[in-house]
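Trainee: Please pick one part of this structure and take me through it closely. I am new to it, so plain words would help.

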Amino acid sequence: MSIKKSLFYFFILFSFNLLSQSNLQFQSATKGAACYEVCYYNNHLYAGAGNTLIAYKLDGPNASPGTVTFQHRFRSNIDNIQVRNGFMYVSSNHSGLSKWNVANPDVPVFVTEYVPAALDEAVYDIAFFGDTIFAALKTKMAVLRDSGGVLTLLSTFAQKTGTTRIHGLDVKGNMLAFTVGFSSNNAIDGVYIYNASSLNQIGFYNQTFCDPHEVLFGQNTNLLHVMGGTNGLDGLFYSLDLSNPANPVAVFQDTVQGYILLGSIAQPMNAEIINDTVYVATQGGQHIPFTIPFTCGTYVYSATSNNNVHYVTALNSGLYHFDIAIHNKKMYVASEWYGVVSVDISDLNNEAEYSRVLTGG
């Protein structure tokens, strides 16, 4: 074959490949996956199974997830689900933030969404401040206006660079707290305290090991509870006294144990707070005391006083788990292996698992 012909066929093949790549379009995919997020609302449980939002009616034995009433698949994984004033807000990573009307909790109705403008932006978590929504937008904080039928980006702040990530946030009164981690310079990692109105920084607590994920303000205290991530095996949970927000003081710290022989990595990521008792989803944190077969634990801390935060117990949560929702002495666990695990926690020292519902995938 001549050189001219070879070049001609190469050009045709190269052009065909370019045309094929530019015409690639998403068609469909199966729904469901490992469960990473759960939220209770009005006798329903909303689960984030990978990038699928699933609504369960709690009509099974002991109010466990039974009938699936709704499913919706996003194009990116679900990181957070919250319900406020009859609307559900779903943070779905690169797909952004969507708002749903849950007047009929069986079938959420889409209202609007904010889609990040760039591929390197992702909505991990949100917190509410009047009609303002603060969002952890991967490498920066975002301010959104919720005007009912529209979510509008107003501004961004606290811009970070490189591998640095802003994962979790919370608001109480006029204080906004958010976490910064995974940077190449751990001098900037930790918990930032801002004035929610002026967006001026008030204080900072430097976390020099592990990488913080979520924060939760105490309900009747000046405490801020930090899900501190992992060092590669063990996890970290601690509480800050914000009596003086300009000078956060760590008043409690606990190491959550992993288990290297089973590849179990403890990583506090999410939590629920009920009457200033903090229930921490630890991913692969050991259930203490150690049990055979091996089980992971949701760690429980009493935090009713600034001066008396302490470990209470670890609840059996099955295996790897990433989030929990609690209602009426029932704990619903977002589990990688088991889907949604339902646990009766009426007696914290004698918890009882009563169902596992697979979430597909």
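Mentor: Let's look at strands and their pairing. A strand here is a DSSP run marked E of at least two residues, numbered from the N terminus, and two strands pair if DSSP finds at least two bridges between them. You are looking at a predicted model, in which local features need pLDDT of at least 70 and side-chain atom pairs count only at pLDDT 80 or more, while totals for chains, interfaces and linings use all residues. Residues are numbered from 1 along each chain as its sequence is written, and side-chain values use heavy atoms, with hydrogens and water left out.

Our part is an open sheet of four strands, and its order is E17-E18-E19-E20, with antiparallel pairing. Strand E17 (214-217) and strand E20 (249-256) are at the edges; each has a single partner strand, so one side of each has no neighbour in the sheet. On average, neighbouring strands here are turned by 15° against each other, direction ignored; the axes behind that angle are lines fitted to C-alpha atoms, and angles run from 0 to 180 degrees between N-to-C directions.

Now follow strand E19, residues 235-241, which joins E20 through seven bridges in the antiparallel sense. To see one of those links, find Asp241 and look across to Val249 in E20, its bridge partner.

With that picture in mind, go back along the chain to another pair. Strand E13 (residues 165-172) pairs with strand E14 (residues 175-181), again in the antiparallel sense, over six bridges. Lys172 faces Met175 of E14. The two strands make a hairpin with two residues between them, and one residue in the turn, Gly173, has a positive phi of about 60°. E13 is mostly covered, with six of its eight residues buried, where buried means under 20% relative accessible area, exposed over 50%, and partly exposed in between (1.4 Å probe, protein chains only).

Continue past E14 into the loop that leads to strand E15 (190-195), and you meet Asn186. Asn186 is partly exposed, at a relative accessible area of 37%. Gln207 is 21 residues from Asn186 in sequence, yet their C-alpha atoms are 7.5 Å apart in space. Leaving out residues up to four places away in sequence, Asn186 touches Asn206, Gln207 and Thr208; contact means heavy atoms within 4.5 Å.

For another loop, try the one between strand E6 (87-91) and strand E7 (97-101), where Ser92 sits. Ser92 has a relative accessible area of 1%, so this loop residue counts as buried. Beyond its neighbours within four places in sequence, Ser92 contacts Phe74, Ser76, Asn77, Ile78, Asp79 and Val123.

Finally, a word on the cysteines. There are zero disulfides in the structure, a disulfide being a pair of cysteine sulfur atoms within 2.5 Å. Cys210 is in no disulfide, and the nearest cysteine sulfur to its own, that of Cys296, is 17 Å away. Cys210 is buried, at 12% relative accessibility. Cys296 is likewise in no disulfide; its nearest cysteine sulfur belongs to Cys35, 15 Å away. At 0% relative accessibility, Cys296 is buried too.

If you go round again, start from the edge strands E17 and E20, then trace the hairpin of E13 and E14.
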